[in-house]
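Here are a few exercises to work through at your own pace. Have the sequence and the model open side by side, and try each task before reading its solution.

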Amino acid sequence: MMFDFLAKKISTLFDRFGRSGRLTPVAIDDFLRTVHDSLLDADVPLAVGDAFVNDVRSVLTGVTIPSGLAADDFLKKVVYERLVSFLGGQVTDCLVSANRGVVLVMGLQGSGKTTTVAKLGRLIRERNECDKRSLRVMVASVDFYRPAAIDQLALIAQQASLFFYRPQESDPTVAARAALSYQKEHGYDLLILDTAGRLHVDGEMLDELCTIKSIVKPSVSLLVLDAMTGQESLRVATTFNEKIGFDAAVLTKTDSDTRGGAAFAFRYALKKPIAAVGTGEKSGDLALFHPKRAASSMLGMGDLESFVELANARIRDEDQKRLTRALSTGKLTLEDFACQIDAISRLGSISQVLKFLPGMASHSVSPEKLEEGEQEMRRFKVIIGSMTRKERLLPAVIDTSRKKRIARGAGVAMSDVQDLLNKFSEMQHLMKQMGRFGLFRGRK
Ligand SMILES: Nc1nc2c(ncn2[C@@H]2O[C@H](COP(=O)(O)OP(=O)(O)OP(=O)(O)O)[C@@H](O)[C@H]2O)c(=O)[nH]1
Ligand SMILES: [Mg+2]
């Protein structure tokens, strides 16, 4: 993950405050200094590092921790919210809504333009198919600068099952005009246009792109940036923005060993969103950029947003209400627990759910362990089934003689009943934490 480097540093900083710690001015200063150092280590420009830290400081100044919230949780919540807003708030929808006109793809040589053209075609087509719209997408290249550039696109377009248009003329502006007329004549909804890059930003490239842009009048102009190039990519982006203008960036090669500094700074420095990130060389390796998800994983909270999204989509309304109530009051009963087990089985398997949970993201759990987990859930369900209603609502009443009766009824050992009660109290603690971050909201 692109922000792994930052996540490793930042996620551990909260521990020092402890659950009963206090946010003294000295402790806050110390904390912010370490965050600042981590940002600079990750190749975030100094001015951007300063801006972020000052932003967090201004929120923390003179504020008192709301009752019921531990210092570390409160601080995490504040930093999470500032991170989200810093990284751009919402997912930018310029790609999702790009289903007509022209998407113009620009960038330096080797930044990943051609690969990104095919990835975009596939992503946009699939997103529209998801919404039951079929979209006619064509791709074309006006890169005559590098021999074989056109054939490269022809090949990857074919692999991604995208229609490829080959221009007859080798003049970029003539070819751009021809691709556009072809799109109109043949009724393609979307044309994704690949352009030539140069090693460095130069006048000739900028002039050529300006002309092409005025010819095709793109509905979306994208700048492709190689995440590996660090702060240099911010300077490139600034020049492109001044000379040509673009709507959003696509960051490529986020799967490689980048410290993520440029990505962190991009939105602040350019006042434009990151639309998507390239995560590999294949045509399926492009993902929309989710600021909230990036912020969660930087704080080691796992990808809770994705979890909530999946849960909202798949969990029945009544279960959802029950869980939301349990979370907002912090009171989880064994009945809720049983209902949660049902919900998890509807979400798929434990493995699917686990990868979203805090602290679990980086652990790999073996298939044997998972199978054990699934068996355990089924056993828990049976055990809860042999309890009385009172026991389910008030597990505190379950003494030794009740445990014996429940175990007999469920056909399990007494230690299995104890095991369930232990897991249940762990779950209660976890749910309280999730509720505190306000991350588990009900369905709208
Ligand atoms: N690992 C990884 N490699 C990528 C990604 N995007 C592109 N690449 C690789 O980067 C190299 C350059 O990609 P291209 O798409 O040819 O770049 P370009 O900007 O079109 O290059 P020019 O046309 O020469 O200017 C290729 O080897 C791609 O496979 C990515 O997200 N992850
Ligand atoms: Mg290319």
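**Exercise 1.** Which residues are buried in helix H6 (residues 149–159)?

Solution. Keep in mind that this is a predicted model. Start with the burial cut-off: a residue counts as buried if 20 or more other C-beta atoms lie within 10 Å of its own. In H6, Ile 150, Leu 153, Ile 156 and Ala 157 are buried. They cover an arc of only 135 degrees around the axis, so they sit on the same side of H6. Now turn to the other side of H6, where Asp 151, Gln 158 and Gln 159 are exposed. Next, look for the cover over the buried residues: it includes H5 and the strands E2 (137–141), E3 (163–165) and E4 (190–194). Finally, step just past H6 to find Ser 161 with a positive phi of about 50 degrees.

**Exercise 2.** Check the span of helix H4 (residues 71–87) against its expected value.

Solution. H4 has 17 residues. The expected span is 1.5 Å times one less than the number of residues, so H4 should span 24 Å. Its end C-alpha atoms are 24 Å apart, which agrees. Among the buried residues of H4 are Phe 74, Lys 76 and Tyr 80, and their cover includes helices H3 (46–60), H10 (261–270) and H11 (291–298).

**Exercise 3.** Describe the residues that surround ligand 1.

Solution. Begin with the count: 21 residues surround ligand 1. The closest are Gly 112, Thr 114, Thr 115, Gly 197 and Gly 278. Then sort the shell by class: one nonpolar, 13 polar and seven charged residues. Helix H5 (residues 113–130) gives the most, with three residues.

Terms used: Residues numbered from 1 in each chain as written. Chains lettered and ligands numbered in written order. Predicted model: local features only at pLDDT ≥ 70, side-chain atom pairs only at ≥ 80, totals over all residues. Near = placed C-beta within 6 Å. Helix = DSSP H or I, 4+ residues; strand = E, 2+ residues; numbered from the N terminus. Nonpolar A, V, L, I, M, F, W, Y, C, P; charged D, E, K, R; others polar. Buried ≥ 20, exposed ≤ 12 C-beta atoms within 10 Å, placed from the backbone. Contact = placed C-beta atoms within 7 Å. Arc of directions from axis to C-beta.
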